[in-house]
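Reader: Hi, can you walk me through this one? Short answers, please.

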There are 2 protein chains.
Amino acid sequence: MTTTDEIQAAGARTPRPAGRPRSARAEKAIIDATLDLVGESVGISELSIEAIAARAGVGKTTIYRRWSNKEDLLVDALATLKTPLPPVAGVSVREDLVVYARVFLRDACDARNRCVMNIAMNEAERHPRLVERIRQATIEPRRAAITALLRRGVTTGELRAGLDVPIAMANLVGTVMWYIRTEGVDECTASSDLAERIVDHLLAGLAP
Amino acid sequence: MTTTDEIQAAGARTPRPAGRPRSARAEKAIIDATLDLVGESVGISELSIEAIAARAGVGKTTIYRRWSNKEDLLVDALATLKTPLPPVAGVSVREDLVVYARVFLRDACDARNRCVMNIAMNEAERHPRLVERIRQATIEPRRAAITALLRRGVTTGELRAGLDVPIAMANLVGTVMWYIRTEGVDECTASSDLAERIVDHLLAGLAP
DNA sequence: GTGTTTCGAAACTTAAGCGTATCGAATACG
DNA sequence: CGTATTCGATACGCTTAAGTTTCGAAACAC
């Protein structure tokens with residue numbers, strides 16, 4: 001921190017407390033180190049504040065001055081993974097399903113994003129606050145988007161009438177997730193048409 | 001351990017070493033406590049030998065006399081969950097798919113069995129030996145069985161020609177797993193025809 | 001300049017949990 | 001009976017990490 005990279009003047013409203021300002025660079029380094037380590041170790045208990053401080057090149061004091069414990073830091077760190085929500089889509093339901101599937105595949109291939117789902121699925125009992133936040137920020141918007149898309153397909157006749165929406169949603173998301181889990185991440189990055197193939201498979205079904 | 005419940009005479013071949021025999025009841029209590037705690041805490045690092053000993057009503061000595069470390073104990077404990085392999089099935093591919101789906105649903109609703117999949121999916125890097133054992137003992141047989149069933153369906157014409165078997169497998173397993181994850185365990189035990197509904201949904205596909 | 005606050009680094013206290021060792025009591029065999 | 005081994009309980013040394021405190025240096029406002 002040799003140069004002047006401290007937090008900006010903070011506007012006219014807050015009269016800027018006296019003393020040395022907090023380093024914005026240190027804050028970013030802490031968040032980045034946290035996300036890197038979470039992406040590697042998958043599991044909150046394996047994540048140590050000391051490892052974060054070492055990786056970020058920062059003293060533990062600098063961390064504890066900003067966050068009072070590990071969970072608070074994680075909440076803020078995961079919030080920066082703003083997974084920009086699957087973007088709005090276009091004309092045909094199939095095309096939109098492919099767009100969503102592609103987003104899921106891309107996220108599932110990124111270690112940082114993948115760990116979010118791992119935490120949401122496995123740490124519910126030990127970190128309910130964190131999991132609830134993930135659920136509201138990431139899972140729920142996607143669930144709602146897919147539900148709306150499936151319902152739209154039913155009304156437009158592009159999808160089967162009487163479709164069981166919860167099952168269909170588990171169908172789409174579960175297939176993508178499980179495929180990545182079993183076939184590995186390489187498979188995703190390799191074949192660029194994987195999303196299309198999966199969606200077409202789901203649309204056609206198993207029967208002839 | 002007030003009564004005589006020690007290990008039986010052990011046959012004529014081994015001449016029975018002198019001294020007090022090891023308690024079979026203690027061994028069972030240790031395994032049970034291990035599975036209970038794993039099912040609750042999901043995550044091997046949260047599992048402590050001391051907690052197992054306390055839950056089993058056993059001294060740590062009794063554990064370390066049988067297993068040299070946590071992982072060895074887990075390997076043996078998980079091996080007792082012999083999830084008796086999906087039983088052989090019958091005439092139509094649909095019926096057999098329903099049988100498998102029902103087994104997966106039942107397993108996914110039991111905390112002890114559910115944790116096996118959690119470990120297999122999340123602890124691969126930290127406990128490769130354990131995960132490899134789970135993979136060979138549980139995952140691989142099921143994968144092979146489903147693959148065979150899907151292939152059979154293609155040859156008999158009950159399933160679509162040119163079916164992508166890996167995607168179809170992720171389709172079946174992923175749908176079941178994700179449905180349980182999102183809708184909760186209660187949903188499984190409640191509706192007894194869930195397996196049929198999921199399988200029929202997969203067969204029919206999303207399209208009209 | 002003085003005063004205030006943050007910086008990174010290090011030492012510190014506290015708490016878990018591992019794996020070992022020791023203890024008296026219990027349970028087998030001969 | 002004597003011997004051998006296991007039993008549960010407890011204490012021990014060791015490691016890891018949490019969270020706190022102290023330190024001199026640095027960065028700001030005045």
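Reader: How many residues does each chain bring to the contact?
Author: Chain A brings 37 residues and chain B brings 37 residues. Two residues are in contact if their C-beta atoms, placed from the backbone, lie within 7 Å. This is a predicted model: local features need pLDDT of at least 70, side-chain atom pairs count only at pLDDT 80 or more, and totals for chains, interfaces and linings use all residues. Residues are numbered from 1 along each chain as its sequence is written, and chains are lettered from A and ligands numbered from 1 in the order in which they are written.

Reader: Which element gives the largest share of chain A's side?
Author: H8(A), with 14 residues. Helices are DSSP runs of H or I, at least four residues, numbered from the N terminus.

Reader: At what angle do H8(A) and H8(B) pack?
Author: About 120°, with their axes 6 Å apart. Axes are lines fitted to C-alpha atoms over the stretch in contact, and angles run from 0 to 180 degrees between N-to-C directions. So H8(A) is oblique to H8(B). Oblique is what remains after under 35 degrees (roughly parallel), over 145 (roughly antiparallel) and 65 to 115 (roughly perpendicular).

Reader: Which residues meet there?
Author: Among them, Ala170(A), Gly174(A) and Trp178(A) in H8(A) meet residues of H8(B) that include Ala170(B), Gly174(B) and Trp178(B).

Reader: New topic. What does Val176(B) touch?
Author: Not counting residues up to four places away in sequence, Val176(B) touches Ala101(B), Phe104(B), Leu105(B), Ala108(B) and Ile198(B).

Methods
Helix = DSSP H or I, 4+ residues; strand = E, 2+ residues; numbered from the N terminus.
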